[in-house]
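Biologist: Before we discuss the assignments, please show the model and explain the terms as they arise.

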Amino acid sequence: MTSWNVEFLQANAPASQRALIILNQPFSSPLFHRLWNACKWRCCADGGANRLYDLFSRPEFKGDTDFRRLFLPDLIKGDLDSIRDDVRRYYESQGVPVIQDDDQDSTDLMKCISAVEEKEQVEEAPRNDVILLGGLSGRLDQTIHTLSYLHKLRKVRPRVFAVTDDNVGWVLDEGEHIIHVDHDLLGLTCGLLPVGISSTILTTSGLRWNLTEHPSSFDGMVSTSNHLVLEEKEVRIKTTRPIWWTAELRGSGLV
Ligand SMILES: Nc1ncnc2c1ncn2[C@@H]1O[C@H](COP(=O)(O)OP(=O)(O)OP(=O)(O)O)[C@@H](O)[C@H]1O
Ligand SMILES: Cc1ncc(C[n+]2csc(CCO)c2C)c(N)n1
C-alpha cells in the first residue's frame, strides 16, 4: 500500500527532503511560497527563472526588503533559450549556478530532473520527492510531456508531483494506494486518467462515484469530474496499471 498526501501545500509545512522545479508557467504568490518553503532544494527550468524573478516585481513585494535576494534558487538549468539576459545576469551576480545544456532531444524539465539525480548521487542522499511548479496547463504538448515523463519516471522516481494553482496530480503505479485528503487544501473535483496504458482495472473508495473492478481506458471509461466526499478523510485506489490521479486545489485554501 502506497501512502500519499499533499502536506507540502500546507502553510508552514516543514522543509523536507523535497526538490522544487519551477517551470515556465504563471503561478500565484501564495502557491509559490508554500512550495518554496516545503522544499530544501530549488531549481528553475530555463524560463522558470523569469517567473521567479518577475514575481518580486509585483506590488506586494515593493518596499525596503530585497525579497528577490531572499529567494535565490540553487540552480538554473536548461537550453537557456528562454531566460532573459537581465534575469541571467542578476542570478549569476548572486552566485546562482546557471547551467546550459544544449541537447535538443530533451526538455528543460528532463534536464532539471537529471540535475536532481546528479545532486543526490554527489551527496549520497536519499531520493527526493520532486515538486513541479507548473506542468499541467499551458501548451498542450508540454502538458502531455509532463503526463508522459512522470509516467515513464515512476519506477525510478515514484514521487513526483505536478502542482498549479488549479490542480495537483501525480502517477499512481500499479498496486494499492491510500491518499490522505486535506479538504482545506483540495477542492471537490478529482480524476483518474488512464494515459499511457491500454487499460486498467480500478477499484476505489472515498469518492462520490466509486468503481469496483471496473475497466478504465482512454477509449473506454475515464473517471473525470469525480468528487471527493467531505466526510471521507482518505481515498483508496487499486489499479492494475499506472494511472494519473488529479485533484482540484481549493484556491482560497492557499491564501
Ligand atoms: N507554454 C507552456 N506550457 C506549459 N509548460 C511550459 C510552457 N512553457 C514552458 N513550460 C515548461 O517549463 C519548462 C521550461 O520552459 P522554457 O520556456 O524555458 O522552455 P521551452 O523552450 O518552451 O521548453 P523546452 O525547452 O523544455 O521544450 C519546459 O520544459 C516545460 O516543462
Ligand atoms: C522527434 C523530435 N521532435 C521534437 C524535437 C524537438 N525537441 C524536443 S526536446 C527539445 C528541447 C527543447 O529545449 C526540442 C527542440 C526533437 N528533438 N525530436
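Modeller: Axes are lines fitted to C-alpha atoms, and angles run from 0 to 180 degrees between N-to-C directions. In this predicted model, H2 lies across E2, E3 and E4, and runs at about 115° to E3.

Biologist: What makes helix H2 mostly covered?

Modeller: A residue is buried if 20 or more other C-beta atoms lie within 10 Å of its own. In H2, residues 48-55, 6 of the 8 residues are buried. These are Gly48, Ala49, Arg51, Leu52, Tyr53 and Leu55. Their packing partners include helix H1 (29-38), helix H3 (67-70) and helix H4 (85-93), as well as strand E2 (16-22).

Biologist: How do you know that E2 and E3 pair, and in which sense?

Modeller: Two strands pair if DSSP finds at least two bridges between them. E2 and E3 have 5 bridges, in the parallel sense; one of the contacts joins Ile21 to its bridge partner Cys43 in E3.

Biologist: Why are strand E5 and strand E13 said to stand at the edges?

Modeller: The open sheet has 10 strands in the order E5-E4-E3-E2-E6-E7-E8-E15-E10-E13, with mixed pairing. E5 (98-100) and E13 (223-227) each have a single partner strand, so one side of each is left without a neighbour in the sheet. From one strand to the next, the twist averages 20°.

Biologist: What makes up the shell around ligand 2, by class?

Modeller: Asp counts as charged, whereas residues such as Gln, Ser and Thr count as polar. The residues around ligand 2 are Asp79, Gln104, Asp105, Ser106, Thr107 and Asp108. The shell therefore has 3 charged, 3 polar and no nonpolar residues.

How values were computed:
Residues numbered from 1 in each chain as written. Chains lettered and ligands numbered in written order. Predicted model: local features only at pLDDT ≥ 70, side-chain atom pairs only at ≥ 80, totals over all residues. Near = placed C-beta within 6 Å. Buried ≥ 20, exposed ≤ 12 C-beta atoms within 10 Å, placed from the backbone. Helix = DSSP H or I, 4+ residues; strand = E, 2+ residues; numbered from the N terminus. Contact = placed C-beta atoms within 7 Å.
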